[in-house]
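User: I want to go through the aromatic contacts in this one. Can you take my questions as they come?
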Amino acid sequence: MSEGIFIRLLGAVTGERHGEAGSEPIDLGPARQQATLAILASAGARPVPMDRLIAGVWGDEAPRNAEQSVYTYIAGLRRVFEPGRKRREPSRLLAGTSAGYILRLEPGQVDALCFAERLAAARDAQRDGDDPEAVRLLGEALEMWRGTALSGLPGPFADKERARLEELRPAALEQRAESLLRLGRQREITEELRDLTRHHPLRERARELLMTALFRSGRQAEALAVYEEGRTVLAEELGLSPGEGLRRCHAMVLRADSRAADQADGGPGGGTDSGPGSRTDSGPGGGAGGAGAARPAVPHELPRPMSEFVGRSQELVRLRERLMPWDGAPPRPLVIITGPAGVGKSALAAQVAGLAKERFPDGQLYVNCRGATPGLPALGALDVLGRFLRGLGVSPDAVPAELDEAAALWRSRLHDRRVLVLLDDAADLAQIRPLLATPYGSSVLVTSRETMTWSEDAFQLELGRMSQAESATMLAKLAGARRVAADAAETTRLVRLCDGLPLALRIAGARLASRPGWSVAALAGRLSDERRRLHELAAGDLAVRSSLASGYTALERGSRPLDRLAARMLALLGRLHVPEVTAEAAGALLGTAPEEAEPALERLVDAHLLDRADDGRYELHDLVRLFAGELRPEGAKEALVRALLYFTASARLASQVTDPHRVQLGRPVEAVPHRVSGQEEAHAWLVREEPVLNAAARQALSSSDDSVAELGLNLTFTLLWHQQRVNGMAAMAELNAMALRVSERLGDERSAMVAHGGLSAFLRMAMRTDEAVEHLQAELALARKLGDLFEEQKALGNLAGAFVTARRFEEALPWAERQLTLAGKSGFAVGERFALLIRGAALIGLGRLEQARTTLHEALRKTEEAGDLGQESQVRFHLGELHLDLDEPNEALPHFLRSRDLLATTTGYAVGRLRCGLGLVRTYRLLGRLDEALHHITEAVAAGGGLGYARWERRLREEQAAVHEALGAKVVHSV
């Protein structure tokens with residue numbers, strides 16, 4: 001079935017079907033369906049499990065219905081790939097197996113795989129000396145490109161694969177240029193190389209090739225201009241001088257050494273050691289380096305790898321690839337391992353250095369730069385150079401006293417040799433910069449808590465926390481496998497409390513090893529107390545607190561104002577107990593504009609005391625958060641108040657924009673809010689910030705400070721409408737229960753009234769009707785006591801709604817009538833509309849369908865006049881249900897369709913979307929339009945399946961079964 005299909009990934013993702021009549025495009029569907037295809041096509045006919053597809057399309061932001069969406073995308077791809085396949089016939093092209101989905105295409109049917117095959121074949125041809133074949137293969141490979149790879153595709157897989165493929169393209173151009181130079185065809189590639197250096201100005205390899213091509217074409221002045229341009233760009237962008245190969249090429253051009261240009265194997269990257277960048281060319285900086293012995297010593301200074309080292313297999317593979325390339329290419333000149341304190345950077349560096357040392361026969365050097373050693377100053381670059389030069393055989397009295405001279409001698413000593421240098425715990429780039437411009441063949445391996453920006457030749461690995469499996473293995477090695485395996489649940493808990501941090505895990509393992517009577521559960525219990533966790537994570541001279549404190553102290557005592565501002569930011573973040581912050585929220589905390597707060601946040605990210613999350617958000621890991629919480633910055637309460645006011649003002653504005661017809665229950669506050677430009681953006685902001693807003697409200701309500709607790713009340717009530725829209729009932733129940741207790745403590749009857757209403761909403765939806773009614777009666781009594789007519793009519797309407805939800809329609813009707821009377825008398829139009837809606841629902845439940853029709857049409861007229869789209873959507877799906885009860889599916893359909901559209905555009909209620917979707921399924925089934933009914937089952941599941949509303953989910957299962965029965969098929973995926 002795959003014959004004739006071709007998938008293109010090297011540009012916009014497209015598909016073609018080739019046949020006798022020619023080729024025709026294949027409609028690959030929406031962007032995420034194309035992203036799913038890209039993952040499958042890139043796998044090379046290997047199975048891709050569901051979890052990898054979800055991670056590749058959405059990453060950590062996968063929606064609840066991600067798996068259902070992937071099923072939809074797979075079905076869509078099968079339809080377009082195999083249009084003639086019968087309904088129950090299994091797909092032969094896109095098959096599902098126990099190991100995952102397999103797209104059965106040959107490598108020749110996916111351009112990215114063709115590209116990779118030709119690159120590999122070209123490397124083999126070059127290795128065999130067949131440059132004409134290499135040029136042919138690379139030309140075919142490069143012709144496959146039509147633009148940016150995977151152009152426009154969303155998702156983590158597309159981002160990573162795009163970056164990988166886009167890196168291969170210039171490398172292929174350089175590889176082709178090498179063969180053409182060896183064939184003496186330099187004039188063919190001059191403009192191509194010039195274009196390559198224009199788009200990749202920091203690629204010294206491309207610039208060296210261009211200089212050689214120009215020189216061999218008799219254009220010596222232009223070759224020198226290319227060098228000068230490169231020297232300027234490297235100095236301005238990176239603060240670097242040109243590398244060894246480029247300098248040697250420059251020297252060759254200056255000497256006008258035609259012999260170097262005419263050698264049979266000449267040109268960079270040739271099969272022998274002649275030409276620019278070769279080891280036989282004794283250009284500037286060549287030779288033994290003077291000032292000492294004829295040949296440097298061979299040092300072996302690497303620290304011993306840890307015997308209990310576990311895990312980090314993926315990281316080890318990536319690092320080994322850079323230090324020990326599989327194809328025998330030179331290693332990366334600079335490899336950097338960064339990450340937070342205690343994450344195991346030094347242990348990983350020692351491990352990979354030990355594995356790679358055989359590839360560096362001319363020596364291995366090591367120094368602890370003391371970048372974060374408490375109580376000791378960091379080593380200076382001249383100190384490090386002196387140690388290394390002496391290690392390479394330079395006599396102490398011959399080590400230069402000037403930094404530039406020492407760096408020059410260092411480069412000379414490394415010339416024409418392969419040496420591995422491990423710089424452990426570097427403070428920052430400035431400390432080690434003079435050591436980094438090493439000749440090709442040697443590598444510098446650096447560990448640091450600071451993120452570093454260096455040249456394109458550098459590879460930087462950011463080391464994260466250990467996985468659950470790796471962490472458990474480390475504990476087992478330290479404390480005994482039987483002991484750790486005895487209680488898997490407590491081991492999981494202990495790993496979580498250690499935050500996956502190797503330092504914390506080593507300490508926990510050491511404490512267990514030294515206390516045979518302790519179980520894993522006992523230690524986990526001790527660590528579960530957040531007030532003592534950092535105290536417990538100490539053993540001998542190992543301590544998580546001191547490790548974190550060294551990084552904080554370095555910032556607090558830093559010479560730059562930004563460092564000190566970052567230290568204050570960390571201390572204030574420790575006072576705000578939310579999962580993440582934006583620059584806006586951090587600015588409120590600091591009392592500055594977001595533009596001033598963001599550099600401080602980024603400085604903490606570079607110091608690995610803060611993590612950058614998605615969409616401009618930042619988060620503290622648990623142990624860093626506990627450390628920051630121990631700090632006592634000045635003005636902590638004022639900072640917390642500013643943040644709470646910002647959250648409240650922003651939530652209030654977003655709630656108003658989302659649905660301007662709802663009366664806000666929280667009070668306005670004086671603060672600059674986050675600005676939103678429309679309903680969709682406002683709703684999206686509330687959804688994204690919901691965990692933060694809930695956490696901020698929870699923290700404020702827990703405060704013993706009355707003024708802070710009052711801010712928590714206001715924020716809680718500001719969130720009520722949003723929580724009802726998105727079915728955030730658990731948070732609503734928790735926060736309003738806390739709010740009720742705070743209100744009673746403060747004697748605040750108005751706040752108690754609103755909290756009773758918030759609690760009743762949760763209890764009503766949880767079908768705990770009698771409890772809901774108790775709170776609504778309390779709300780009603782307080783409203784009457786305070787003379788608040790709006791709250792009184794609202795409580796009346798919610799009493800009617802509670803009884804309708806419980807299907808106690810006889811009890812609901814009089815409460816709806818009372819609200820209708822009071823709202824009409826008091827001029828509360830929104831209350832009148834709600835009363836009519838609930839009255840109509842109660843009448844449907846009582847079987848009084850004509851009265852219900854009249855009432856709901858009056859409600860529809862009023863909602864349309866008011867432009868209240870949210871209430872209109874609810875009226876319409878009730879009208880749709882009424883027409884279905886009257887056996888009028890044709891009349892029901894336009895109401896359900898309009899309700900669906902309104903619920904989508906007004907970010908409508910989750911249960912409403914479920915009911916509307918269910919109504920459409922039933923309507924299309926009754927109309928005999930079964931394909932459309934089947935389509936809407938998927939929509940209904942995505943909209944509301946799993947909300948916890950047993951009645952509606954049961955009806956959805958029943959409708960799903962009815963549709964499949966009508967189609968003559970069994971249900972495959974039930975709700």
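User: Phe790, buried or exposed?
Analyst: This is a predicted model. In it Phe790 has 16% relative accessibility, so it counts as buried, the cut-off being under 20%.
User: And Phe828?
Analyst: Phe828 has a relative accessible area of 21% and is therefore partly exposed.
User: How many aromatic pairs are there in the whole structure?
Analyst: The search finds six. One of them is Tyr646 with Phe647.
User: Why is that pair of Tyr646 and Phe647 called tilted?
Analyst: Because the planes of Tyr646 and Phe647 are at 55 degrees, and edge-to-face takes over 60 while stacked takes under 30. Their ring centres are 5.5 Å apart.
User: Tyr646, buried or exposed? Same question for Phe647.
Analyst: Tyr646 is buried, at 6% relative accessibility. Phe647 is buried too, at 2%.
User: Back to Phe790 and Phe828. What is the geometry of the aromatic pair they form?
Analyst: Phe790 and Phe828 are edge-to-face, with 85 degrees between the planes and 5.2 Å centre to centre.
User: Where do the two sit in the chain?
Analyst: Phe790 is in helix α35, residues 789-805. Phe828 is in the loop between α36 (809-826) and α37 (829-845). They are 38 residues apart, and the pair links distant parts of the chain.
User: Different topic, charges over rings. What lies over the face of Phe459?
Analyst: Arg322, at 4.0 Å from the ring centre.
User: And which residue has its charged end over the ring of Trp815?
Analyst: Arg818, with its charged end 4.3 Å from the centre of the Trp815 ring.

Terms used: Residues numbered from 1 in each chain as written. Predicted model: local features only at pLDDT ≥ 70, side-chain atom pairs only at ≥ 80, totals over all residues. Heavy atoms only, no water. Phe/Tyr/Trp six-rings, centres within 6.5 Å; stacked < 30°, edge-to-face > 60°. Buried < 20%, exposed > 50% of the residue type's maximum accessible area, 1.4 Å probe, protein only. Helix = DSSP H or I, 4+ residues; strand = E, 2+ residues; numbered from the N terminus. Lys NZ or Arg CZ within 6 Å of the ring centre and 35° of its normal.
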